[in-house]
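Thanks for coming, everyone. Please have a look at the structure on the screen, and then I'll walk you through it.

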Amino acid sequence: MKVLHWLPKPPVFPDADRARTAKLLHYILLVTVLANLVSMATDLLVLGQPLWWSTLNAAILLLQIAAWMLNHGGRVKAAAFLLCAFCWAGVTVSAYTINGMFNSLFAFYNVTIVMAALLIGSRATIVFTGLSLLSGLYFVAASEGGIYPNEVGLMSASETFFNYAITFILSAVLLTFAIRALNAALRRAEQNERALQQSESKYRSVVQTAPSSILTIDRNHCITFLSRSIYGDPNQHIGQSIYEFVQPDWRDTLRKEIDHVLQTGDSGSLELQVINVTGGAAWYTDHIAPLWDGDQIVGATIIASDTNDRKQAEQAQIEAERLRLELVKEREVVEMKENFISTLSHDFRTPLAIILSAKESLHWYHDRLTPDRRLEHLHNIDQQVHYINHLLDDVLTIGKARAGKLAFAPEPMDLMTFCKEMVGQVQAIDKDQHEFIFSSRGDLSNVSADPQLLQHILINLLTNAAKYSPPGTYIEIKLSREAESVLIEVTDQGMGIPESEQPHLFEPFFRAHNARKIKGTGLGLAIVRESVVAHGGTIDCTSREGVGTTFRLHLPLEVAFFLNGVHSQ
């Protein structure tokens, strides 16, 4: 194979057809030159031919070199015509001097004529074929005239010409088909090569301009191709392990994902941190697909997209959202403090005035007051102290809930019995001004709930129902076990809540405009909502102004029920 590198290369031209014809003619000329050189060496060293014979071969060699130069100069048809001409001359000379048509050089020249003529065109093929046949007729005439001696065992000249003509024509036809087939094969090969080059050019253009890095790895997880690298020349990484560029904490995760792709043939993706140019960490998203060779998985293709900016933006957004929530909480705390101060200045003033008045009466008029009057003043002081204590408890409870520090300690209880006790307490305070209707459905004997929070819920809802409902109306309490929750309903026939103000109903210190003349702090429903949320439940309200209000509480079974000690939270 090394010898072939020393052979002259065929000419290359922009025109594909000319380049293909020149290439074929190049190899024909190469064979004829080598044949001529071998013939010259044989004639001089072995056969001992006269000097004029070597001179003739040298002239033919010069003509071959001239045809070679014409071919490489782009004048392909002129070179082919020159080749046909000196080969026909060679046919004539060899036939005249070496016993006619019975030598191999004669046949070689005729085949060369046909092949070179085919490169020129069909007309040249017909012309040079006719000339060769005329040479055959001349050989027949010469043989019949006794120019060539008859050799023993050989055919007559006419028979030889007939066989020669048939063989020559068949050879010409076969060579015509062969040349055309070779031309077609070369044309298809050139088209395929051109298409492959265009495809490769497009592929490289897409790969090199793609925003992501595209790489392939073998089954040993070593890099076999890399389109781009943040570290410099991508070719320097060929053969390296892909894990050299991945942060140590993420290498096992990537290895598991690649192994899964190589074993199953499924695609996968993951987000991981790689080592950047400064040695730090950068976020990338890798999309991994199997690399097939036939029906065998020989590696994987990885498209690595730089998502560091997006990740940083997400983290910045999360941080901004956290700061926003903290700001909202801070604002709520400030508002709650402001409302608390406003409530203190308003709601504490009346009970403190009552306590001060009772104290002054007891101090200055103790001797003049009857025992019943003294007890009445002491009772008023006790009531107002309880009211202030209740108000402070509510403020502390809502503060803990907003700070996420509201204690939740569920324990098994009989929900129906517990609710009846709460109804009884409110009914005793109400002094039979309203009719309380209680009903329950389903097994509620073994419920897990926080007694203190549940007391906040029921007492606030029941006292509100009594406070905002006229005397003589009813208040209905329903308990039921549904498919996935415990339902508690409290319904009254009170003043109702304006529809436009219902979205703010559970906000701390909020009071509807039609309820502001009635004593209250606006904390009760906020405490109810936080207590329900602590149980993992929901609360909603349906109300019509002047008709009444219904509160519905749903406590999910998986949180609310303690069934035979199986589940508790």
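How many bridges join strand β9 to β10, and do they run parallel or antiparallel? There are 6 bridges, and the two strands run antiparallel. One thing before we go on: this is a predicted model.

Let's stay with this pair. Strand β9 covers residues 474-481. A hairpin of 3 residues links β9 to β10. Look at Arg481: its bridge partner in β10 is Val486.

Now the other partner. β10 is also joined to strand β12, residues 548-556. Here we count 8 bridges, and again the strands run antiparallel. At one spot, Ser485 stands opposite Pro556 of β12.

So is β10 buried or exposed? Buried. Strand β10 spans residues 485-492, and 8 of its 8 residues are buried, so the rest of the structure largely encloses it. Check the two sides. Ser485, Leu487, Glu489 and Thr491 point one way. Val486, Ile488, Val490 and Asp492 point the other way. Both sets are buried.

Next, a helix. α13 runs over residues 524-534, and 8 of its 11 residues are buried. Among them are Leu525, Ile527, Val528 and Glu530. After the helix comes Gly536, with a positive phi near 80°.

On to the rings. The structure holds 2 aromatic pairs. Take Trp250 and Trp283. Their ring centres are 5.5 Å apart and their planes are at 75°; over 60 degrees counts as edge-to-face, so that is what we call this pair. Trp250 belongs to helix α7 and Trp283 to strand β4, so the pair ties together parts 33 residues apart in sequence. How covered are these two residues? Trp250 is partly exposed, at 23% relative accessible area. Trp283 is buried, at 14%.

The other pair is Phe506 with Phe551. The centres lie 6.4 Å apart and the planes are at 75°, so this pair is edge-to-face. Phe506 sits in the loop between β10 and α13, while Phe551 is in strand β12, so parts 45 residues apart in sequence are tied together. Phe506 counts as buried at 18% relative accessibility. Phe551 is buried too, with 8%.

Last topic: charges over rings. Which ring does the charged end of Lys311 sit over? The ring of Trp283, at 4.6 Å from its centre. We have met Trp283 already, as the partner of Trp250. Arg255, in turn, lies over the face of Tyr243, 4.3 Å from the ring centre.

That's my tour. Thank you.

Technical notes:
Residues numbered from 1 in each chain as written. Predicted model: local features only at pLDDT ≥ 70, side-chain atom pairs only at ≥ 80, totals over all residues. Heavy atoms only, no water. Buried < 20%, exposed > 50% of the residue type's maximum accessible area, 1.4 Å probe, protein only. Helix = DSSP H or I, 4+ residues; strand = E, 2+ residues; numbered from the N terminus. Pairing = 2+ DSSP bridges. Phe/Tyr/Trp six-rings, centres within 6.5 Å; stacked < 30°, edge-to-face > 60°. Lys NZ or Arg CZ within 6 Å of the ring centre and 35° of its normal.
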